[in-house]
Amino acid sequence: MAGLSYTSINQTRMATGEVYCQTLIELAKENPRIVALTADLGKSSKIGEFMKQFPERFYQFGIAEQNMMGAAAGMAKAGLIPFTSSFAIFTACRALDQVHTDICYQNVNVKMIASHAGTSFGQAGTTHHSTEDIAIMRSLANLTVIVPADGIETANAVEAAVEHEGPVYIRINRGYDQQVYETMDYGYEIGRAVTLHEGSDVTIIACGSAVFQALQAARELDAVYQIKARVLDMHTIKPLDKAAVLKAVKDTRRIITAEDHTVIGGLGGAVAEVIAESGMATAFRRLGLQDKFSPIGLHEDLMAHHGIDTNGIVNSVRELMQLDFEEDLDWEDEV
Amino acid sequence: MAQENSVLIRLEEKANKLRHRIVDTVIWAGSGHLGGALSMIDAVTLLYYDQMNINKDDPYDADRDRFIMSKGHAGIGLITILEDLGFVSEADLRTFNHTGSNCGIHLDGNKVPGVDASTGSLGHGLSIALGYALGATQLKKDYLVYCLLGDGECNEGAIWEAAMAIGHYKPKNLITLIDRNFAQIDGMTEDVMELEPFKDKWEAFGFHTEVIDGHDSAAMKDALERARQGMDKPVCLILETVKGNGVSFAAGDYGWHYGGITDDMAETAHRDLDHYHETRMAQLKEA
Ligand SMILES: Cc1ncc(C[n+]2csc(CCOP(=O)(O)OP(=O)(O)O)c2C)c(N)n1
């Protein structure tokens, strides 16, 4: 790619938002069409650094997300590549009409970086938890929806977003992510899941902060319970890597999804649609918020509360292993 | 006059207690919105302890006046009042922001008694306040609705949609207050997104608008009492304040929107607040 290299050392010293900003600064040096927009969250989203480097390519809209999204659409129509930086909740909820009509319907080249996603700003409560945005954004035609697993994958996603023509939503967390990737060279591609752990008993399909937990869970399941779990980092929610899901169904027949998001309509919903349409019997479970608003708390505590930490995933996988499902793919015996 | 002064002294003593409580709560919580809580605390103290009709025994009293704190991130300020009134306990304050606590940064009206709207997403409160006011009129209730906005919050288009509707419906039971501390997150308000001429804007939307010192309880009290007497127009009080008021390292600095403080800083803050209180008491006693 554009010669970017974020080593693991960089990532452990940088919050995911900082990785995003540094990546964008590097890309902007080569691509004068890149501009950055924020709505009084330059400091919180870390994009403020971009302003120092390119003051004339930075636009501050004040606390006015709808106006920012509408203006981003206009800038894209004028030929720029606008990157908006706000919290996920205000991107996907407050500014939704503008995102729907001005950005997605008109199919313009706006890149929305939605930070503080899921329950990563846990202490701020429901007004700041973004636990429906994947479902909302996934339903918008023309939009590519990416949920990176960590900082390195965020750098990859930002780079890929610039190369991709059309609107992109990238959902990142507040603060530091647990590190999944060592380097950027693992063949990141929009719409292509990454197999992080091989297994034949069950497949854990995860996105965002749940990916690290899923990987830990797979290691524990193997070491303690001799359960061989495949782990897919499903960083792109749309277009979903259907082939990877179908292969997992065929190979393992047991699928579990994990996301820091409601189980309705997000990653779990997307995977469920593929499984249902495949006609293959599958033991299946969706982990995430069970149609509830989250309590407040630290991100890691809330992940445990919602059963998407390592323990929660291990327990759910073990339960899933007990579930019965139709063993054969033969429909002849159905009445 | 002397009686008037004793009210002001009582209010300052209360505000002083609350200011210290805010600093303590920031420490207990690990971090907090110190700046915006300290800028509004004099106004909100005046509302709760002198102006508003609230029932200390029943935070849900149907006839109580309503307070919509649209700048919901200042929950750490409001919670100290709700604790002082006995609606929540000191234990709630000590676990503010902790996992599983009922009290987080932005107060949840379904969990915290005395919170009339779950705010935190900026730009919602004035519409909710308008709805409460129209609802009260419809149901022939005579409570009043007070809504406090942040100045940065007025960047939001929704605020002006509400302002237009208030100018249109002219509810006589709604008073809009703005914490004009001239600061938001990314900078000073006029650098981030120009608000001036701010007063003219509110006037253009049909409000009788006054600009008052938001740390001068006498002036605010006077304006509120006048507002309640002869409201032929909706009233908007722009309260000029200092973000982080009373604490040397935070006062006037937009960088103190949200953050953690060390024990040393808390000590400084408490000392600064003592000094600030003494100065204010001396002024009140002189008057
Ligand atoms: C819709 C929305 N956008 C962004 C934020 C993030 N945010 C929280 S506080 C704040 C600044 C508020 O400034 P102001 O209203 O002036 O409050 P004060 O200075 O009194 O604390 C921002 C941008 C939010 N809470 N809601």
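Is F121(A) buried or exposed? In this predicted model, F121(A) is buried, with a relative accessible area of 7%. The cut-off for a buried residue is under 20% relative accessible area, and F121(A) is assigned to that class because its value is 7%. F121(A) is also a good place to begin a tour of the aromatic contacts.

Over all chains, the structure holds 13 aromatic pairs. In one of them, the ring centres of F121(A) and Y258(B) are 6.5 Å apart and the ring planes stand at 80°, so this pair is edge-to-face. The contact crosses between chains. On one side, F121(A) sits in the loop between β4 (111-115) and α8 (133-138) of chain A; on the other, Y258(B) sits in the loop between β5 (235-240) and α10 (263-286) of chain B. While F121(A) is buried, Y258(B) counts as partly exposed, at 21% relative accessibility.

Chain B also offers a cluster of aromatic residues. Ring pairs link W160(B), F198(B), W202(B), F205(B) and F207(B). One member of this cluster, F198(B), has a charged neighbour as well: R180(B) lies over the face of F198(B), at 5.0 Å from the ring centre. A similar arrangement is found at Y143(B), where R66(B) lies over the face of the ring, at 4.0 Å from its centre.

The backbone has some less common features too. Most residues other than glycine have a negative phi, and most peptide bonds are trans. Against that background, a cis peptide bond joins K238(A) and P239(A), with omega about 0°. The proline of this bond, P239(A), is found in the loop between β10 (236-238) and α11 (242-252) of chain A. In chain B, a cis peptide bond joins E196(B) and P197(B), again with omega about 0°. P197(B) lies in the loop between α7 (189-192) and α8 (198-204).

Positive phi angles are found at R253(A) and K170(B), as described next. R253(A) is not a glycine, yet its phi is positive, at about 60°. This arginine is placed in the loop between α11 and β11 (254-262) of chain A, and it is buried, with a relative accessible area of 12%. K170(B), likewise not a glycine, has a positive phi of about 50°. The loop that holds K170(B) runs between α6 (157-169) and β3 (174-180) of chain B. With a relative accessible area of 43%, K170(B) is partly exposed.

Turning to the cysteines, the structure holds zero disulfides over all chains. C207(A) is in no disulfide, and the nearest cysteine sulfur, that of C93(A), is 17 Å away. A disulfide requires the two sulfur atoms to be within 2.5 Å, and the sulfur of C93(A) is 17 Å from that of C207(A). C207(A) counts as buried, at 2% relative accessibility. C103(B) counts as buried as well, at 1% relative accessibility.

Finally, helix packing can be followed in chain A. Helix α10 (residues 210-225) packs with helix α14 (residues 310-322) at an angle of about 55°, with the axes 8 Å apart. That angle makes α10(A) oblique to α14(A). The crossing of α10(A) and α14(A) is right-handed.

How values were computed
Residues numbered from 1 in each chain as written. Chains lettered and ligands numbered in written order. Predicted model: local features only at pLDDT ≥ 70, side-chain atom pairs only at ≥ 80, totals over all residues. Heavy atoms only, no water. Buried < 20%, exposed > 50% of the residue type's maximum accessible area, 1.4 Å probe, protein only. Helix = DSSP H or I, 4+ residues; strand = E, 2+ residues; numbered from the N terminus. Phe/Tyr/Trp six-rings, centres within 6.5 Å; stacked < 30°, edge-to-face > 60°. Lys NZ or Arg CZ within 6 Å of the ring centre and 35° of its normal. Axes fitted to C-alpha atoms, helices over the stretch in contact; angles between N-to-C directions. Parallel < 35°, antiparallel > 145°, perpendicular 65-115°, else oblique. Left-handed = near helix turned anticlockwise from the far one by under 90°.
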